[in-house]
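Ready for some practice in reading a protein model? Take a moment to look at the sequence and the fold before you begin.

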Amino acid sequence: MDFDLSKPQKLLKDTARQFLARECNVRRLIETDGDPLWSAIADQGWTGLIVPEEYGGLGTGIVELAVVAEEMGRACLPGPYLSNVFATALIRAAGSVEQQARWLPRIAAGELKATVAILEATASWDLDAIRSPLTVGRWPLTESSANGQQPTANRKLFVGDASVADLILCVTRSNDGLAVVAAPALSIERMPSMDETRKLYEVTFDRLSGDVLPGGRDAVRSAIDVATVALCAEMVGGMQWVLDTTVEYAKTRQQFGRPIGSFQAVQHQCADMLLLTESARSATYYAAWALTENDPAAPLAVSMAKAYCSDACREVGNRGVQVHGGIGFTWEHDLQLYYKRAKSSEILFGDASFHRERIASLVVDELPHVASRIETSPDHQTVRA
């Protein structure tokens, strides 16, 4: 049994690291409205990693996506890549054959950027919290809209990279549960965020009756799981950068005539960071493998990875700042960019508490199946999970 990456995956990882080390200038990129690297990223084939070959993509698995996402996290790459991955996964899960043939080849070629509008005023990742209704025609006038204000039902919040997206997929409430619709945006306004590398927007829709994708709740949940694993891989890459940078700093920073890395208290901090990073990496790649193999335990693995990474990424950032001291939270040092990215990633697609509740729900749902296997066991004593 081999737990390591394959040779092609290692080659992909090395290629991504070299490309991003050469091309990714975080501070320059966060000051631009567009994404100067998008064409180069598309030329690498990364926009088509999870796009099937028949639609012009590479048709690789989620593990390869995690490999590239980890290196992007290590470089703290700004831009719409994660939003585009979320939308791509949603089109694959919810779109018809005609819709996939229309959008996926352009996404794979880097000609079309897409994002997903899902969160509303509650900012909850619980799909039951979605209330925006699928409508026919324009939104009906309400008391608030009659006074010149936009009705709240057609408003989505914290939409990633909406200003540069050519396609916005909005998750709405329908009579049958959830529906996904490619809806035209009436207005797009920037929302404040502590993380300059991820730009969030408030999007108001004139109507939610555009091109409806046939997939429903299960498709949305599946796409969120794919995007969550990509985010976890980004977080692992960020943790690795913080760890490497902190260890190097501890070797060179002098206090009392000796490197601070010689003090046991600092060594303990670095050892804890290593443990958190490696554990997060193991959980993330297991979840990526489970999704690739359509393992029944994949949803559980995804939530376990996100719950752990949310806490671990924050803790690694905390310890990195502590070892660096005052320089660690100043604008001049890049560590503050990684820490802000860790804080935004902590809650994106649900924080640790949200995913622990999901884990509990998934385990409870599985209990009747476990009980039935116990009852059918010949000796009624051995549980075969």
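Four exercises follow, each with a worked solution.

This is a predicted model, in which local features need pLDDT of at least 70, side-chain atom pairs count only at pLDDT 80 or more, and totals for chains, interfaces and linings use all residues. Residues are numbered from 1 along each chain as its sequence is written, and side-chain values use heavy atoms, with hydrogens and water left out.

**Exercise 1. Describe the chain as a whole.**

Step 1: Begin with the secondary structure, which comes to twelve helices and nine strands. Helices (H or I, at least four residues) and strands (E, at least two) are DSSP runs, numbered from the N terminus.

Step 2: Turn to burial: 51% of the 385 residues are buried, where buried means under 20% relative accessible area, exposed over 50%, and partly exposed in between (1.4 Å probe, protein chains only).

**Exercise 2. Work out how α1 and α4 pack.**

Step 1: Recall that two packed helices are described by the angle between their axes and the distance between the axes.

Step 2: For α1 (residues 7–23) and α4 (residues 62–75), the angle is about 25° and the axes lie 9 Å apart. Axes are lines fitted to C-alpha atoms, for helices over the stretch in contact, and angles run from 0 to 180 degrees between N-to-C directions.

Step 3: α1 is therefore roughly parallel to α4, a label for angles under 35 degrees (over 145 is roughly antiparallel, 65 to 115 roughly perpendicular, and the rest oblique).

Step 4: Find the contact (heavy atoms within 4.5 Å). Residues making it include L12 and A16 of α1 and V67 and V68 of α4.

**Exercise 3. Lay out the sheet that contains β2.**

Step 1: Write the strand order of this open sheet, β2-β6-β5, with antiparallel pairing. Two strands pair if DSSP finds at least two bridges between them.

Step 2: Mark the edge strands, β2 and β5 (185–191), each of which pairs on one side only. The twist averages 25° from one strand to the next.

Step 3: Count the bridges joining β2 to β6 (residues 200–205): there are four. In β6, V203 is the bridge partner of K156.

**Exercise 4. Compare the backbone settings of A123 and D161.**

Step 1: Remember that most residues other than glycine have a negative phi.

Step 2: A123 has a positive phi near 55°, and D161 has a positive phi of about 55°.

Step 3: Place each residue. A123 is in the loop between β1 (114–117) and α7 (143–146), while D161 is in the loop between β2 (155–160) and β3 (167–174).

Step 4: Check burial. A123 is partly exposed because its relative accessibility is 38%, whereas D161, at 11%, is buried.
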